[in-house]
Number of protein chains: 2
Amino acid sequence: MADRPRATRRATIYDVAARAGVSKSLVSLVLQNSPKVSAERRQAVEAAMVELDYRPSRAATALAGSRSRTIGVVIDDFRNLWFVDLLDGLREVLGPAGLTLTVADLAGESASSEADPGRAVIDGFVASAVDALVVACEPTPALLRPQGFPVVVAGNRSATPPDAAVVSSDDSAGAEIAVRHLLDLGHRRIAHLTGGGGASALRLAAYERVLHDVGLTPHVASGFGRTNEPDGYEAARRILREAPDTTALFAGNDTMALGALAAIREAGLDVPAGMSLMGFDNSPIADARILRLTTVDSENREVGRRAAQTVVDRLAGARVHRRQLVSPRLVLRDSTAPPRG
Amino acid sequence: MADRPRATRRATIYDVAARAGVSKSLVSLVLQNSPKVSAERRQAVEAAMVELDYRPSRAATALAGSRSRTIGVVIDDFRNLWFVDLLDGLREVLGPAGLTLTVADLAGESASSEADPGRAVIDGFVASAVDALVVACEPTPALLRPQGFPVVVAGNRSATPPDAAVVSSDDSAGAEIAVRHLLDLGHRRIAHLTGGGGASALRLAAYERVLHDVGLTPHVASGFGRTNEPDGYEAARRILREAPDTTALFAGNDTMALGALAAIREAGLDVPAGMSLMGFDNSPIADARILRLTTVDSENREVGRRAAQTVVDRLAGARVHRRQLVSPRLVLRDSTAPPRG
DNA sequence: CTGAAAGCGCTTACAG
DNA sequence: CTGAAAGCGCTTACAG
């Protein structure tokens, strides 16, 4: 009978209380992990919950308490795998804190809200009464408007909501690591493929700064203003046309590097013998055998952990750091080598 | 003052009713899109909602009504981009029907539920009181247990919950299209790279059937039992070692094809001059310039639309088809050509 | 710890 | 359409 489809009423705290032989207030205390409950009573209640296959109603919890115990996360697009490690890190900390995560993507919005992108996502989160928001994309105006709950921005963005804390990888340091790696290999003609957004801007600035510091001339190209595969292809083609003596390409991210690889091949060059190629992000594609891309790991899992901790701290009313930087790390694979010739 | 941070109380239907000069029952009727409301009163209520920046509380709606108006979707892993088009299709139909979508991934589960994978996801959906569930992954035992709400399975799976409706791409037809395309180009030595799961099994069976029909010998290899890039690489290496006269490789999906490309290059062959390569899924990677992969589009957006319609119909109490197949479509790019020599 | 009570913001029926 | 009422399943505060 245990497997009878539960067309029957779901168990409530009344049922649990009756079964455990305690008051319903006590069950509520157990649900909230109150320290005021004795171990034996807690066990009795927990046993009853298991026996009745009890699961608290999120709707009732949210409506009765002021908190919903869920945190919203906005990402740009499920296709940009940037966010996967971040999510893992967030869950690692949020889960044990009793907080659930709900993710929405800007790209999936209904066309009706095109006038105010991000509006539908925010409305959904307000309707769900999220306790806090993690913004893991370039904020739209709707995301910049204060909504009455704490906001933590993950990653370097070109704009930030007032009062939001920012947790991000140190993109400047990461780009410096990348460029220094190429310099150490002996490269002197290093070009950069850049795109749009806050992180790209920081990577570009660091690239230019390091080259200037060592007395070399930066050479930058972009594609169509974004950071996708076609942008990388187009930007690399421009570099190869304008400066055929380039020996190393530093792409703004791994996806752009994938596009760049096609352009390099078309120019009759091999990676890394004829051209070194650096990515950024250490996304899943970087590990594919066709690329084996040397790249910079942003440590987004750690960014996620710290962003989650910041959320937890703010919900507890503690003061939090307005800005936290996580150190990136060089990931050596097979796409970089000393310059040709 | 309109932009004053809403530390103030959120508007409720009482506020809206007062502002619009109607009863709160009427506001409730408007929220439910009832046809009993006159156009002018509806407009008055809607105007009041905009003025007060009113957004209904999902918690209250869910608790008071029997329905939460949200549909759960379980996917395998955010890294497999399979689900992106599916999600778009689901939203296209669910949105206008007033239903919201919430997605959870099996891979993101806390380690504590490893004993019963999918359990945490299901518990979350039960707690949220989803109205229905869309299973877009290979179901775990937890996902196969009836929970009291309708289930629609998207895609071909090796197991299906009792009473679930299944909407999927016609993987047999898709594999047949792929193999016939290679045959039409003149290939006679066509190998197949296969992986795990229900869709893979159907694609494999169709491949073998078509080859037998035309009197050719199938040649199949797999990697490590999954369908990822390393599996494709490993499977392709086996084929190239065991049967160097192979002229075309039909990969179980695009990600495996990406791995296969690396093996083909290592063997000193070019695509498509020395080896034709077919994928399956038409995932974002297939369009990358480095691959330009001829593949089969599963029309997952259409699968999503139909799955959503099936959910809507079941919620309305209508009878639904237990099994629906969507026709796939050949996508020609540059990775296939007549056989070498 | 218990027990009775009020309330969160809605939906649902029901009399007018 | 209105208006008063009960209820969804919890949390919160409070007297005992």
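Which residues are the closest to DNA strand D? The points below take this up, starting with the strand itself.

1. **DNA strand D, surroundings.** The closest residues are Ser28(A), Gln32(A), Val37(B), Ser38(B) and Arg41(B). In total, 25 residues surround the strand. A residue is near a strand if one of its heavy atoms lies within 4 Å of it. Of the atoms of DNA strand D within 4 Å of the protein, 70% belong to sugar or phosphate. The rest belong to bases.

2. **Basis of the note.** This is a predicted model, in which local features need pLDDT of at least 70 and side-chain atom pairs count only at pLDDT 80 or more, while totals for chains, interfaces and linings use all residues. Residues are numbered from 1 along each chain as its sequence is written, chains are lettered from A and ligands numbered from 1 in the order in which they are written, and side-chain values use heavy atoms, with hydrogens and water left out.

3. **DNA strand D, polar contacts.** A polar contact is a pair of N or O atoms within 3.5 Å; within protein, one must be able to donate a hydrogen and the other to accept it, and residues adjacent in sequence count only if both atoms are side-chain atoms. Arg67(A) places a polar side-chain atom 3.0 Å from a phosphate oxygen of DNA strand D. Two contacts go to bases. Lys24(A) has a polar side-chain atom 3.4 Å from a base oxygen. Ala60(A) uses a polar backbone atom, 3.5 Å from a base nitrogen. The elements that give two or more residues to this surface are α2 (24-31) and α4 of chain A, with α2 (24-31) and α4 (58-64) of chain B. Helices (H or I, at least four residues) and strands (E, at least two) are DSSP runs, numbered from the N terminus.

4. **DNA strand D, residue classes.** The surface near DNA strand D has eleven nonpolar, nine polar and five charged residues. Here Ala, Val, Leu, Ile, Met, Phe, Trp, Tyr, Cys and Pro count as nonpolar, Asp, Glu, Lys and Arg as charged, and the others, Gly among them, as polar.

5. **DNA strand C.** 25 residues surround DNA strand C, the closest being Val37(A), Ser38(A), Arg41(A), Ser28(B) and Gln32(B). Sugar and phosphate make up 71% of the strand's atoms within 4 Å of the protein. The side chain of Arg41(A) has an N or O atom 2.8 Å from a phosphate oxygen. For the side chain of Ser23(A), the distance to a phosphate oxygen is 3.1 Å. A base oxygen lies 3.1 Å from a backbone N or O atom of Leu63(A). Helices α2 and α4 of chain A and α2 and α4 of chain B each give two or more residues to this surface. By class, the surface near DNA strand C has eleven nonpolar, nine polar and five charged residues.

6. **Chain A against chain B.** Each chain's share of the contact (heavy atoms within 4.5 Å) can be stated: 49 residues from chain A and 49 residues from chain B. The two chains bury about 4000 Å² between them, 59% of it on carbon and sulfur atoms. Buried area is the accessible area (1.4 Å probe) that two parts lose on being put together, summed over both.

7. **Pairs across the interface.** There are twelve salt bridges between chain A and chain B. A salt bridge is a side-chain nitrogen of Lys or Arg within 4 Å of a carboxyl oxygen of Asp or Glu. One joins Arg79(B) to Asp88(A), with the closest N and O atoms 3.8 Å apart. The chains also have 14 residue pairs in polar contact, both residues at pLDDT 80 or more. On chain A, the elements giving two or more residues to this side are α4 (58-64), α5 (83-94), α6 (119-127), α10 (229-242) and α11 (254-266). That side has 25 nonpolar, six polar and 18 charged residues.

8. **Asp53 in both chains.** The whole structure has 56 salt bridges over all chains. Asp53(A) and Arg119(B) form a salt bridge at 4.0 Å, N to O. Asp53(A) lies in the loop between α3 (39-51) and α4 of chain A and Arg119(B) in helix α6 (residues 119-127) of chain B, so this pair joins two chains. Asp53(B) has a positive phi, near 55°, and is not a glycine. Asp53(B) sits in the loop between α3 (39-51) and α4 of chain B.

9. **Cis peptides.** Val271(A) and Pro272(A) are joined by a cis peptide bond, omega about 5°. Pro272(A) is in the loop between α11 and β9 (276-278) of chain A. In chain B, a cis peptide bond joins Val271(B) and Pro272(B), with omega about 5°.
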